[in-house]
Amino acid sequence: MKAFLYGVGLQFKLDIRSRTMLITCYLVPLVFFFFMSGIFISVDPNARATLIPSMSVFVVTMSALIGLPPSLAEVYGTDVKKVYKANGVPQALGVVTQFISSFLHTFIVCLIIFAVAPFVFEAQLPDNVPLYFLSLAALLCVTLAIGCVLGLMIKSQSKLTMAAMIIFLPSIMLSGIMFPASMLPQFMQYIAYVFPATIGFQAMTAFEIWHLPVLLGEFIVFCAVASIILKVKVGR
């Protein structure tokens, strides 16, 4: 257990020094938050009611889909995995430590938004704060699991970036954080539910009971897929 905690702590420190993590998890999301929040509220003052969940969904999606996969590809697409084998380290350790580290970094940014938004932009706090954070954690786990699948499956950085953007852009545009989902054509409203960001955003705003089980089910599925890829493709 000590070795595992040491590995998580080491990965957390390495991610702090990582330029990719700094840009995708901290710099870009926080710049987007301060810049776009003012625009959202100027266009529609009612946006204050959903500003915190909206910005949190962007942070989660950006960090998990753009920030995490390249880090995993660097480990499992190089000879680092051979070092794991030579020292008897489980192949899954790299995935688990980076998952936990990314979770902590992203959650910290979401906490910053949660604390700052009410004072700077007069954003409304969620009606049910414990359920909000539970929904946020569930969305973060699912999205990070997708990021793990991408990072393990695709070794080429250019292809990885393209695949991540294919998921990232519709996640942001269709989830309802940029504009009400009701403005979308009916068929696109149905397509939006393919992406966890849509369900996560609704979970953090509507607080309906079915959202969390769906997110949990998706998390289990993507974890299973990542495990299969790790054994078949990476564990060679």
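A cavity, on a 1 Å grid over the protein atoms alone, is a set of points where a 1.4 Å probe fits but cannot get out, and a residue lines it when the residue has an atom within 4 Å of a point. The exercises below apply this and other definitions to a predicted model, in which local features need pLDDT of at least 70, side-chain atom pairs count only at pLDDT 80 or more, and totals for chains, interfaces and linings use all residues. Residues are numbered from 1 along each chain as its sequence is written, and side-chain values use heavy atoms, with hydrogens and water left out.

**Exercise 1. The cavity**

State how many cavities of 30 Å³ or more a search of the whole structure finds, and describe the lining of the largest cavity by residue and by class.

*Solution.* Start with the search, which finds one cavity of 30 Å³ or more in the whole structure. The volume of the largest cavity is about 40 Å³, where a volume is the space filled by probe spheres set on the grid points, and points are joined across faces, edges and corners. Next, read off the lining, which is made by Thr-61, Leu-65, Thr-143, Ile-146, Ile-167, Ser-171, Pro-196 and Ala-197. Two or more of these residues come from each of H3, H6, helix H7 (157–174) and H9; such helices are DSSP runs (H or I, at least four residues), numbered from the N terminus. Finally, sort by class, with Ala, Val, Leu, Ile, Met, Phe, Trp, Tyr, Cys and Pro as nonpolar, Asp, Glu, Lys and Arg as charged, and the others, Gly among them, as polar. The result is five nonpolar, three polar and no charged residues.

**Exercise 2. The pocket**

Find which residues are closest to the centre of the largest pocket, and which element gives the most to its lining.

*Solution.* A pocket, unlike a cavity, is an open set of points with protein on both sides within 12 Å along at least five of seven lines. The largest one has a volume of about 490 Å³. Of its 25 lining residues, Thr-50, Gly-176, Phe-179, Pro-180 and Ala-181 are the closest to the centre. Helix H2 (19–43), helix H3 (51–76) and helix H9 (196–205) each give two or more residues to this lining, and H9 gives the most, with four. Sorted by class, the lining of the largest pocket has 14 nonpolar, 10 polar and one charged residues.

**Exercise 3. A salt bridge between two loops**

Name the two residues whose side chains meet in a salt bridge, and explain which parts of the chain the pair ties together.

*Solution.* Begin with the general idea that side chains of opposite charge can pair when their charged atoms come close. The rule asks for a side-chain nitrogen of Lys or Arg within 4 Å of a carboxyl oxygen of Asp or Glu, and by it the count comes to one. The partners are Arg-48 and Glu-122, at 3.9 Å from N to O. Because Arg-48 lies in the loop between H2 and H3, and Glu-122 in the loop between helix H5 (92–120) and helix H6 (129–153), the pair ties together parts that are 74 residues apart in sequence. Arg-48 is partly exposed at a relative accessible area of 23%, whereas Glu-122 is exposed at 55%; the cut-offs are under 20% for buried and over 50% for exposed, with partly exposed in between (1.4 Å probe, protein chains only). Glu-122 also has a positive phi of about 55° although it is not a glycine.

**Exercise 4. Cysteines and buried residues**

Determine how many disulfides the structure holds, and then decide whether Cys-110, Cys-148 and Val-142 are buried or exposed.

*Solution.* A disulfide is a pair of cysteine sulfur atoms within 2.5 Å, and the structure holds zero of them. For Cys-110, the nearest cysteine sulfur is that of Cys-25, 8.3 Å away, and Cys-110 is buried with a relative accessible area of 1%. For Cys-148, the nearest cysteine sulfur belongs to Cys-223, at 7.5 Å, and Cys-148 is buried as well, at 4%. Val-142, which is placed in helix H6, counts as buried at 0% relative accessibility. The C-alpha atom of Val-142 is separated by 9.9 Å from that of Val-60, and the two residues are 82 residues apart along the chain. For the whole chain of 236 residues, 48% count as buried.
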